[in-house]
Protein chains: 2
Amino acid sequence: MVVPIFPASPVTPPAGGIRSQTGADLRAIALTQFASVGFAATSLQNIADIAGFSKSSVLYHFASKEALLEQVLTPAIDQLEVVLDRFVTEPETIATRERFVDDFIDFLLEFRLELHTFINQAQSLRGIAIIDRAGLLIVRLAASICHDDASNEDRLRFGFALGGAAYSLVAGMTFLGEATLPDDDLRPALRTVMTELLAPVSVHPRPAHS
Amino acid sequence: MVVPIFPASPVTPPAGGIRSQTGADLRAIALTQFASVGFAATSLQNIADIAGFSKSSVLYHFASKEALLEQVLTPAIDQLEVVLDRFVTEPETIATRERFVDDFIDFLLEFRLELHTFINQAQSLRGIAIIDRAGLLIVRLAASICHDDASNEDRLRFGFALGGAAYSLVAGMTFLGEATLPDDDLRPALRTVMTELLAPVSVHPRPAHS
DNA sequence: ACAGGATCTGACCGATCGGTCAACTAGCCT
DNA sequence: AGGCTAGTTGACCGATCGGTCAGATCCTGT
């Protein structure tokens, strides 16, 4: 049920050097739970049961439930910051905006569960450091994509791109196709739709339906 | 903080005829809480405190927390069913599809909090009757908008329309403009974006940005 | 063999959860 | 006045919450 991630795990962990494998498992389990049933509705006991550990063991690896959330979301927020900084650093051209779309899609596909978590629960988790940091990043992102003179439509398109991606890549697939598309099939379609929403200068007209 | 809705309240409630004013207040408060912090994170005590009543009083008006959720969401689901039935009944033309978009936008604006609640929390609330009913409606909606031969892009557009609207109309505005747009300013922009996503035959090319 | 650190666990804590219940109040009809 | 009903409340219940703590266990370096 749970798909843990093994980032080049060494056979012999060098005595407390890198994060423990157990910790990585717990983070992966916590992420799926936070994204699917929500942070508030996920109990430490719940995570422990899935992982096959006791609740005390979870609290040995993470100081608190909030600390677990922070460690779960931090890599995604770091990567989003990288993508955004790369975009705002360079002069804005059609090419850089299109490359931003590609960077952003890579981010979406890699961190879809993290995005879904902090997009749809930011309201209730306000005050937690990583959530507030993510919120500021979203504001910066909106300001970079939509200029001061942006129309209501363009601001709305940005919101649709963000909320639509978070929904479609996680919950939406439950409704649409039962079998989730592999990422390689998803990417070109995602690129088309995201480009329509975020890169208005290069809208490709589509043929009429059927 | 809370903005209750008073739908043509009679001065003298006809002795148990219509729903009580207190019940309507509680439903409105519960809706804002469910939509903003989530069903699981909203306690009956929380609702009672905002309303100025005791928790026991809330449980006098509603048999349980789940029953409260059902009564809160039912009007929205009923209306969504009306909009969908109207669309699938008629032969599909460009005109009917565009009118569906208008109907759907009316639905979005009137029931944005309800939509946000069951779109973003359906996973964790599975098993509750009204949520399952809403889920089936969404599947029917997807099947009606996207035909069997619909491309991945079109299915993705439908997901973006649904998730994007739920996000943009509730949480998104917190990030974008601090001051929420009045509905009359929002509607034309919403119509443009939703039409691009849901009515592919009538995409209006947009002028290049700035 | 031994020591020591890392890991894991059950018992336990106060707080809060959703929900039940008996009692109280206030209006309304006869 | 007396009874009926709707509305409201505090006391209380078992369950679960996040979190603490004192050990048990296991592995490794010496």
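**Protein surfaces around two DNA strands**

The surface near DNA strand D comprises 4 nonpolar, 10 polar and 2 charged residues. In this classification, Ala, Val, Leu, Ile, Met, Phe, Trp, Tyr, Cys and Pro are nonpolar, Asp, Glu, Lys and Arg are charged, and the others, Gly among them, are polar. The model is predicted: local features need pLDDT of at least 70, side-chain atom pairs count only at pLDDT 80 or more, and totals for chains, interfaces and linings use all residues. Residues are numbered from 1 along each chain as its sequence is written, chains are lettered from A and ligands numbered from 1 in the order in which they are written, and side-chain values use heavy atoms, with hydrogens and water left out.

DNA strand D is surrounded by 16 residues. A residue counts as near a strand or molecule if one of its heavy atoms lies within 4 Å of it. The nearest to DNA strand D are A:Lys55, A:Lys65, B:Ser54, B:Ser56 and B:His61. Of the atoms of DNA strand D within 4 Å of the protein, 52% belong to sugar and phosphate. Both chains supply helices to this surface. At least two residues each come from α2 (44–51) and α3 of chain A and from α3 of chain B. Helices are DSSP runs of H or I with at least four residues, strands are runs of E with at least two, and both are numbered from the N terminus. The most residues near DNA strand D, 4, come from α3(B).

Several polar contacts reach the phosphates of DNA strand D. A polar contact is a pair of N or O atoms within 3.5 Å; within protein, one must be able to donate a hydrogen and the other to accept it, and residues adjacent in sequence count only if both atoms are side-chain atoms. A side-chain N or O atom of B:His61 lies 2.7 Å from a phosphate oxygen of DNA strand D. Chain A uses backbone atoms here. A polar backbone atom of A:Leu44 is 3.0 Å from a phosphate oxygen of this strand, and one of A:Thr42 is 3.4 Å from a phosphate oxygen.

DNA strand C also has 16 residues around it. The closest are A:Ser54, A:Ser56, A:His61, B:Lys55 and B:Lys65. Sugar or phosphate makes up 53% of the atoms of DNA strand C within 4 Å of the protein, and bases make up the rest. The surface near DNA strand C holds 4 nonpolar, 10 polar and 2 charged residues. Here α3 (55–61) of chain A and both α2 (44–51) and α3 (55–61) of chain B give at least two residues each. The top contributor is α3(A), with 4 residues. The side chain of A:His61 places an N or O atom 2.5 Å from a phosphate oxygen of DNA strand C. For the side chain of B:Ser43, the distance to a phosphate oxygen is 3.0 Å. A base is reached too: a polar side-chain atom of B:Lys55 is 2.9 Å from a base oxygen of DNA strand C.

The two protein chains were then superposed. Chain A lies on chain B with an RMSD of 0.0 Å after a turn of 180 degrees and a shift of 0.0 Å along the axis. The fit is by least squares on the C-alpha atoms of residues with pLDDT of at least 70 in both copies. The two copies are therefore related as by a two-fold rotation axis. In chain A, the C-alpha of A:Gly164 is nearest the axis, at 2.0 Å. Both copies use the same surface, as 100% of the contact residues of chain A recur in chain B.

Contact here means heavy atoms within 4.5 Å. Chain A and chain B each bring 55 residues to it. About 4800 Å² is buried between them, 69% of it on carbon and sulfur atoms. Buried area is the accessible area (1.4 Å probe) that two parts lose on being put together, summed over both. There are 2 salt bridges across the interface, a salt bridge being a side-chain nitrogen of Lys or Arg within 4 Å of a carboxyl oxygen of Asp or Glu. B:Arg157 pairs with A:Glu196 in a salt bridge, with the closest N and O atoms 2.6 Å apart. Polar contacts join 9 residue pairs between the chains, both residues at pLDDT 80 or more.
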